[in-house]
Amino acid sequence: MSSNAVNLIKDGVLYINNNKLVKASDFPADKLEFDSPLKYKNQTIAYKILNAHNANKSDESKLKIKFDCLASHDITYVGIIQTARASGIDKFPVPYVLTNCHNSLCAVGGTINEDDHVFGLSAAEKYGGIFVPAHLAVIHTYMREMTAKCGNMILGSDSHTRYGALGTLAVGEGGPEIVKQLLGRTYDINAPEVIAVYLTGSVKKGVGPQDVALKIIGEVFRNGFVKNKILEFIGDGIKNLPVEFRNGIDVMTTETTCLSSIWTTDEKVENYYETHGRKEDYRELKPGDIAYYDGAVTVDLSKIECMIAMPFHPSNTYTVNEVNQNLDDIINKIEADGKKIAGEKYNLRDKIINGGFKTDQGIIGGCAGGTFDSICAAADILKNKSIGAGEFSLSVYPGSQPINLELTRNGAAAELIKSGVIMRSAFCGPCFGAGDVPANNAFSIRHSTRNFPNREGSKPSDNQISSVALMDALSIAATAVNGGYLTAATDLDLEFNKYKFNFDSEVYKNRVYFGYGKADAKKDLKYGPNIAGWPEFKSLGENIILKVCSVITDEVTTTDELIPSGETSSYRSNPYRLAEFTLSRKDPEYVNRAKNRDGFDKFKLNLDNTDFGSVIFANKPGDGSAREQAASCQRVLGGLANIAREYATKRYRSNLINWGMIPFIYDKKDLPFENGDYIFIPGIKQAIINKTDFIDAYIYRDDNINQIALQIPELTNGERDIILAGCLINYYKNK
């Protein structure tokens with residue numbers, strides 16, 4: 001193996017007898033029937049599971065997947081159920097878990113968050129769902145503890161739906177894909193490529209799961225090596241990792257932009273299931289004797305150092321010691337990035353004190369950091385020490401109440417509290433700006449999932465800006481011990497206790513509503529005053545006129561920028577009110593532009609059977625969250641399309657389509673669009689029907705007309721039908 005900790009192999013590879021990884025081109029051809037790599041791709045764990053769930057037996061390249069279980073939280077399930085209800089649902093056909101870990105806190109001055117929870121419980125009773133009350137569990141922790149199963153597939157309306165380390169192939173998508181499953185339809189995708197993640201060696205003491213995850217993300221995100229592919233973790237290094245360590249790596253694979261992930265399973269995974277009272281849900285998963293992968297990421301765990309993802313993306317990675325040794329250069333770079341977002345007032349240099357980098361806040365929690373193992377390790381580091389009485393603060397959010405209960409019983413919680421740590425409930429808030437929001441100009445280090453700008457709760461448009469860096473719980477605890485000065489856990493002399501986790505199922509038995517298979521049609525849904533249905537959307541006209549309402553030239557545009565999180569989350573159940581926040585922190589004039597249709601009538605066009613709507617252009621929109629509202633809010637405001645050089649994730653592209661918006665591609669180097677331009681696209685309906693690859697479009701600006709060609713990317717027949725119908729709701733009504 002190379003001297004590097006992580007290396008990429010961009011050609012096909014074979015995994016032989018579960019112990020040897022070789023390039024396919026180096027393997028003797030007479031030993032393979034290599035006219036069809038698919039034969040050997042079917043020997044991967046991923047394809048064994050996909051094939052078992054594929055309803056399309058006639059075309060191996062086009063998958064139609066039915067999932068075993070579904071999951072949503074309280075900023076997605078209201079809209080999903082409303083959509084499914086409008087489409088004719090009568091009961092949930094598979095277990096559907098409704099958790100309450102995002103809008104767990106009441107909205108200031110209103111009841112709307114708790115009203116959503118009441119609605120969720122009533123839906124679980126009416127349609128036969130599983131309802132997990134607020135503060136009881138983070139969505140992904142609950143799904144690991146209670147629903148993951150070796151060989152199964154789970155679909156969740158949250159991008160971090162990842163349970164691969166437990167042998168479950170899980171996918172995070174926008175809400176409309178959940179709706180399709182609730183209505184007995186399928187998840188339709190082209191057969192994905194599979195990338196082997198080959199682990200060897202053992203991690204050093206002080207290196208945690210976030211360190212491994214960030215190292216991988218830093219190597220594969222920007223080059224798109226694993227985009228929309230499945231990561232399959234193999235290799236003898238897996239046996240050296242505890243299951244919760246694996247879970248901590250696995251959940252972060254979302255930040256690579258992969259489609260899903262799966263791991264080989266072993267006796268440690270079997271013990272995990274047994275501990276959680278579900279030993280029957282375990283089975284050994286491993287590739288066949290010869291398994292073909294479309295590429296590989298090799299990881300030497302022994303060479304991984306303590307990592308940090310500096311603002312403003314999980315891929316902006318360095319070792320912690322690299323930052324400390326090159327503070328001036330790295331801080332200059334981050335400041336330059338920050339000033340593009342927040343203006344000249346953005347400042348990090350005042351964090352350099354006495355040659356060190358002073359942080360202001362630490363957070364350990366959620367689906368990534370709130371594991372039993374990570375919190376216990378942090379408690380060991382902080383035992384008999386103090387985080388200090390100054391500006392630095394540290395909060396810990398256990399992933400579930402069963403974890404919290406065991407931390408209380410084994411004394412870890414007591415050690416944390418004595419050191420000055422604030423113990424919180426099971427809540428995802430800090431991950432998206434709804435809890436422990438840093439102060440203006442503060443620097444927060446977090447074992448959570450994302451550090452996008454705006455996401456932590458600051459508002460650069462209002463001159464409020466803070467910064468978030470991602471780190472592992474161990475290095476966050478080490479930094480706390482060192483007075484908030486950035487510190488790698490490997491720099492400390494560490495001793496860790498061996499903690500045994502005892503899962504107490506009584507916590508869930510006493511509070512969770514287990515209603516699967518108990519649908520009661522007589523029950524009424526309970527609506528709060530903020531819960532609103534969807535507006536009616538027209539089917540696609542013969543022609544369209546698009547007003548360009550935002551032109552975004554950033555390298556990547558996140559869903560947090562398309563529709564901010566934080567306080568806006570309380571309006572996820574009200575499409576009209578939420579739409580007012582669209583692009584509010586990225587392009588505050590967007591909403592007014594989208595509403596204002598004045599001016600297009602001066603162009604002498606044949607407007608018979610022509611739809612008028614808005615469009616945004618972005619180089620690469622849709623990185624990050626699976627939230628469907630990033631698309632639906634544009635649709636509520638009259639959006640009919642996006643134009644992009646490429647789409648950051650399949651999730652966002654699917655959300656556009658499911659809300660009746662056309663995901664155009666324009667990959668030329670020039671940028672012909674300006675805000676206020678009008679784009680006339682004649683014959684669009686027929687182009688969609690005829691599966692046309694390119695269509696002529698005419699840009700109207702002042703007295704000038706500029707003709708360009710827009711690409712209509714490959715669409716499935718179902719996707720075409722949805723766009724033609726105007727949205728998924730209309731599609732099902734038509735059915």
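The largest pocket holds about 1000 Å³ of space. The model in which it was found is predicted. The lining of this pocket counts 37 residues, and those closest to the centre are Pro-242, Val-243, Glu-244, Asp-373 and Tyr-499. Four elements each give two or more residues to the lining: α5 (139-146), α8, α9 and α13 (372-382). The top contributor is α13, with 6 residues. By class, the lining has 16 nonpolar, 11 polar and 10 charged residues.

**Two helices at the largest pocket**

Both α8 and α9 belong to the elements just named for the largest pocket. Helix α8 covers residues 243-251, and helix α9 covers residues 267-275. Their axes lie 9 Å apart, and the packing angle is about 95 degrees. The two helices are therefore roughly perpendicular to each other. On the α8 side, the contact uses Val-243, Glu-244, Arg-246 and Asn-247. On the α9 side, Lys-268, Val-269 and Tyr-272 take part. This contact is made of 3 nonpolar, 1 polar and 3 charged residues. Two of the names recur: Val-243 and Glu-244 sit in the contact with α9, and both are also listed among the residues closest to the centre of the largest pocket.

**The second largest pocket**

The next pocket has a volume of about 730 Å³. Its lining consists of 26 residues, and Ile-341, Asp-554, Val-556, Glu-561 and Lys-586 lie nearest the centre. Two elements, α11 (327-342) and β26 (543-552), give two or more residues each. The largest share comes from α11, with 4 residues. The lining divides into 10 nonpolar, 6 polar and 10 charged residues.

**Enclosed space**

How many cavities of 30 Å³ or more does a search of the whole structure find? The search finds 9. The largest cavity has a volume of about 240 Å³. It is lined by 24 residues, with His-102, Asp-158, His-160, Cys-431 and Arg-455 closest to its centre. The elements that give two or more residues to this lining are α12 (366-369) and α16 (429-432). Helix α12 supplies the largest share, 3 residues. By class, the cavity lining has 7 nonpolar, 12 polar and 5 charged residues.

The table sets out volumes and lining classes.

| Space | Volume | Lining by class |
|---|---|---|
| Largest pocket | about 1000 Å³ | 16 nonpolar, 11 polar, 10 charged residues |
| Second largest pocket | about 730 Å³ | 10 nonpolar, 6 polar, 10 charged residues |
| Largest cavity | about 240 Å³ | 7 nonpolar, 12 polar, 5 charged residues |

**A buried helix**

Why is helix α22 described as largely enclosed by the rest of the structure? This helix spans residues 629-636, and 7 of its 8 residues are buried, so the rest of the structure largely encloses it. The buried residues are Gln-629, Ala-630, Ala-631, Ser-632, Cys-633, Gln-634 and Arg-635.

What do these buried residues pack against? Their partners include four helices: α19 (559-562), α20 (575-579), α21 (590-595) and α23 (650-658). Strands take part too, namely β28 (610-618) and β30 (639-644). After α22 comes Gly-638. The phi of Gly-638 is positive, near 100 degrees.

Definitions and conventions. Residues numbered from 1 in each chain as written. Predicted model: local features only at pLDDT ≥ 70, side-chain atom pairs only at ≥ 80, totals over all residues. Heavy atoms only, no water. Axes fitted to C-alpha atoms, helices over the stretch in contact; angles between N-to-C directions. Parallel < 35°, antiparallel > 145°, perpendicular 65-115°, else oblique. Contact = heavy atoms within 4.5 Å. Nonpolar A, V, L, I, M, F, W, Y, C, P; charged D, E, K, R; others polar. 1 Å grid on protein atoms, 1.4 Å probe; cavity = no way out; pocket = protein on both sides within 12 Å on 5 of 7 lines; lining within 4 Å. Points joined across faces, edges and corners; volume = space filled by probe spheres on them. Buried < 20%, exposed > 50% of the residue type's maximum accessible area, 1.4 Å probe, protein only.
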